[in-house]
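Have a look at the structure below and turn it around a few times. We'll start with ring-shaped side chains, then step back to the whole chain, and finish with how some helices pack.

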Amino acid sequence: ESAFNPFAYSRAHASGLWQFIPETGRRHGLPQDWWRDQRRDVLESTRAALEYLTYLHNMHGDWFLAVASYNYGGGNIRRAIERNRVLGRDTHFFALSMPRETRAYVPKLIALARLVRDPAAYGVELPRIPDAPYFEVVETGGPVDLRLAAEMAGIDVEELHALNPAWNQWIT
């Protein structure tokens with residue numbers, strides 16, 4: 001949803017790589033205040049997204065419904081399931097009434113996951129990506145000016161900002 005842009009922000013006030021709305025972010029340990037918005041923290045938001053998807057999967061017992069809930073809202077999917085149940089209809093993903101965006105998003109995401117898991121089965125060759133950390137988390141022990149941190153790390157300020165998208169101010 002964010003096109004892997006940690007600074008992405010939606011009209012529904014969702015933010016970060018995994019597009020958490022404020023309340024869902026707080027519920028999954030992503031505080032937002034004047035200093036920082038942890039919904040934009042690459043590591044913490046990814047941890048929270050995996051936690052939330054696991055919760056949704058446990059709720060529905062189905063990855064299609066879990067991903068649909070992530071995209072459209074768990075309450076909306078739960079109501080769609082209940083509506084179909086009352087009408088005597090199937091309650092699987094393809095039987096539910098939901099927005100076109102969610103109906104298209106879920107199969108695309110599941111297909112992409114299957115393709116990445118076994119590219120040869122689909123006649124695709126993916127580029128090799130080294131299984132090595134791109135960055136290192138450094139505990140500062142207190143507030144640090146990000147410009148000074150960039151200088152100490154030997155990188156430019158823009159790269160440090162890109163690696164630390166959760167910080168709203170130029171100080172940790």
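How many aromatic pairs does a search of the whole structure find? The search turns up 9 aromatic pairs. Keep in mind that you're looking at a predicted model.

Let's take one pair, Phe4 and Trp18. Their ring centres sit 6.2 Å apart and their planes are at 90 degrees, and since planes over 60 degrees apart count that way, the pair is edge-to-face. This pair links distant parts of the chain: both Phe4 and Trp18 lie in the segment before α1 (22-27), with their positions 14 residues apart. Are these two rings buried or exposed? Phe4 has a relative accessibility of 67%, so it counts as exposed. Trp18 comes in at 29%, which makes Trp18 partly exposed.

Now find Trp34 and Trp35. These two form an edge-to-face aromatic pair, with 4.8 Å from centre to centre and 85 degrees between the planes. Trp34 is exposed, with a relative accessible area of 57%, whereas Trp35, at 40%, counts as partly exposed. Rings can also gather in groups: Phe20, Tyr52, Tyr55 and Tyr70 make up one aromatic cluster. Hold on to Tyr52 and Tyr70 from that cluster, because we'll run into both of them again where α2 meets α3.

Time to zoom out. What is the chain built from, in terms of helices and strands? The protein chain has 7 helices and 0 strands, so if you read along the sequence, the pattern is simply α-α-α-α-α-α-α. Its C-alpha atoms fill a box of roughly 65 × 40 × 25 Å, taken along the principal axes. Of the 172 residues in the chain, 28% are buried. And if you take the contacts with a separation of 6 or more, 43% of them are between residues 24 or more positions apart.

So how do you describe helices that sit against each other? Two packed helices are described by the angle between their axes and the distance between the axes.

Try that with helix α2 (residues 42-60) and α3. Their axes come within 8 Å and cross at roughly 125 degrees, and therefore α2 and α3 are oblique to each other. The crossing is right-handed. On the α2 side, the contact is made by Ala49, Tyr52, Leu53, Leu56, His57 and His60. On the α3 side, you'll find Trp63, Leu65, Ala66, Val67, Ser69 and Tyr70. There are Tyr52 and Tyr70, the two cluster members from before. Sorted by class, this contact has 9 nonpolar and 3 polar residues, and no charged ones.

Helix α3 (residues 63-72) also packs against helix α5 (residues 100-117). Here the angle is about 130 degrees and the axes are 9 Å apart, which makes α3 oblique to α5. This crossing is right-handed. From α3, the contact uses Trp63, Phe64, Val67, Ala68, Asn71 and Tyr72. From α5 come Glu101, Thr102, Tyr105, Val106, Leu109 and Ile110. What does this contact look like by class? The contact of α3 with α5 has 9 nonpolar, 2 polar and 1 charged residues.

Put the two contacts side by side and look at α3 once more. Trp63 and Val67 of α3 take part in the contact with α2, and Trp63 and Val67 also take part in the contact with α5.

Note on methods. Residues are numbered from 1 along each chain as its sequence is written. This is a predicted model: local features need pLDDT of at least 70, side-chain atom pairs count only at pLDDT 80 or more; totals for chains, interfaces and linings use all residues. Side-chain values use heavy atoms; hydrogens and water are left out. Axes are lines fitted to C-alpha atoms, for helices over the stretch in contact, and angles run from 0 to 180 degrees between N-to-C directions. Helices (H or I, at least four residues) and strands (E, at least two) are DSSP runs, numbered from the N terminus. Angles under 35 degrees count as roughly parallel, over 145 as roughly antiparallel, 65 to 115 as roughly perpendicular and the rest as oblique. A crossing is left-handed if the near helix is turned anticlockwise from the far one by less than a right angle, and right-handed if clockwise. Contact means heavy atoms within 4.5 Å. Ala, Val, Leu, Ile, Met, Phe, Trp, Tyr, Cys and Pro count as nonpolar, Asp, Glu, Lys and Arg as charged, and the others, Gly among them, as polar. Rings of Phe, Tyr and Trp (its six-membered ring) pair if their centres lie within 6.5 Å; planes under 30 degrees apart count as stacked, over 60 as edge-to-face and the rest as tilted. Buried means under 20% relative accessible area, exposed over 50%, partly exposed in between (1.4 Å probe, protein chains only).
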